[in-house]
Amino acid sequence: MIFSKKISKKITDTLVTNEIIESKKKAIYFYCLDFALDLILFNCGLLLIGGVLGLFLPSLVYIIILVPVRMLAGGAHAKSPYSCFLLSYSIYFLTLFLSRLPYLIMPGLYILLISLLTVMIWVLAPVETTHKHYTDAEKTKIKKKLFFLLFFIYAFAVLMLSWKQSFYQHLILICLCIVLINQCIARCMNHRTLHVSRGGENK
């Protein structure tokens, strides 16, 4: 996001200036630092906001479910750091708001929805983008990790259902919906990009 990129740039510039790293490796270090700091700052920001709002535990559950699943499942990315910043926090607030609404889902229907979402996410994963591609071995490895992660989330959802924790039931359901929608958007974007590139080749 915005802050992580600024901090990462300053750190990598300092490392190059002090000749700690080679200038040709600057981009690699910048990417790694930006990715790590972005993840840390975003999660810490959500926990801080959750603590202020009295929703620290729901915020923690949100992070534990959404972040690793999205990383493994893949999906669309925002075009700029600013849009990524606004979209990420907007989704967080919207998820917490929707999770607190007093609507009821029949237990049988809830299990069906969770089952469908987990299966569909696993089948579509990992979604590639124009900048990120996987080998067959990498795809198999990701699917194995995602399988165990989704199994854990499924078990957690069933546990929340048995304990009648509607807030967390909704939170899990919405998080999985976000991941699936993001996957579908990415696949549509990939299809459109492929269609455009083929159209250009045929001219």
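**Figure 1. The outward face of helix 4 carries the exposed residues Tyr82, Leu86 and Phe97.** These three sit on the face turned away from the buried side of helix 4. The model shown here, as in every view below, is predicted. Now look at the other side of this helix: which residues of helix 4 are buried? They are Ser88, Tyr89, Tyr92, Thr95, Leu96 and Ser99. These residues cover an arc of only 120° around the axis, so they lie on the same side of helix 4. A handy rule helps here: an α-helix has 3.6 residues a turn, so residues three or four places apart point the same way.

**Figure 2. The length of helix 4 agrees with what its residue count leads us to expect.** You can try this check yourself. Helix 4 has 19 residues, and at 1.5 Å a residue it should span 27 Å. The C-alpha atoms at its two ends are 27 Å apart, so expectation and model agree.

**Figure 3. The whole chain is built from 7 helices and 0 strands.** Follow the chain along its sequence and you will read the pattern α-α-α-α-α-α-α. Its C-alpha atoms fill a box of roughly 60 × 50 × 30 Å, taken along the principal axes. Of the 203 residues in the chain, 34% are buried. Among contacts with a separation of 6 or more, 78% join residues 24 or more positions apart.

**Figure 4. The largest nonpolar core has 44 residues.** Which of its residues touch the most other members? They are Tyr62, Val69, Ile121, Leu146, Ile172 and Leu176. At least two residues of this core come from each of helix 2 (26-52), helix 3 (56-73), helix 4 (81-99), helix 5 (107-124), helix 6 (136-162) and helix 7 (166-202). Helix 7 gives the most, with 12 residues. Zoom in on Ile121 to meet its contacts: leaving out residues up to four places away in sequence, Ile121 touches Val69, Ala73, Leu146, Leu150, Leu176, Val179, Leu180 and Gln183.

**Figure 5. Phe167 and Tyr168 form one of the 6 aromatic pairs.** How many aromatic pairs are there in total? The count comes to 6. In the pair shown, the ring centres of Phe167 and Tyr168 are 5.4 Å apart and the planes meet at 85°; an angle over 60 degrees makes a pair edge-to-face, so this one earns that name. Both Phe167 and Tyr168 are buried. Elsewhere, ring pairs link Phe42, Phe85 and Tyr89 into a cluster.

**Figure 6. The charged end of Lys143 sits over the ring of Trp122.** To find this spot, look for the Trp122 ring: the charged end of Lys143 is 4.3 Å from the ring's centre.

**Figure 7. Thr12 is a buried residue of helix 1.** Helix 1 covers residues 2-17. Thr12 has a relative accessible area of 0%; buried means under 20%, so Thr12 counts as buried. Not counting residues up to four places away in sequence, Thr12 touches Ile21, Lys26, Tyr29, Phe30 and Leu33.

**Figure 8. Gly50 lies in helix 2.** Is Gly50 buried or exposed? Its relative accessibility is 0%, so Gly50 counts as buried. Leaving aside neighbours within four places in sequence, Gly50 is in contact with Leu55, Phe56, Ser59 and Tyr92. Now compare Gly50 with Leu60: they are 10 residues apart in sequence and 8.3 Å apart in space, C-alpha to C-alpha.

Conventions. Residues numbered from 1 in each chain as written. Predicted model: local features only at pLDDT ≥ 70, side-chain atom pairs only at ≥ 80, totals over all residues. Heavy atoms only, no water. Phe/Tyr/Trp six-rings, centres within 6.5 Å; stacked < 30°, edge-to-face > 60°. Buried < 20%, exposed > 50% of the residue type's maximum accessible area, 1.4 Å probe, protein only. Lys NZ or Arg CZ within 6 Å of the ring centre and 35° of its normal. Core = buried A, V, L, I, M, F, W, Y, C linked by side-chain atoms within 4.5 Å. Helix = DSSP H or I, 4+ residues; strand = E, 2+ residues; numbered from the N terminus. Contact = heavy atoms within 4.5 Å. Expected span 1.5 Å × (residues − 1). Arc of directions from axis to C-beta.
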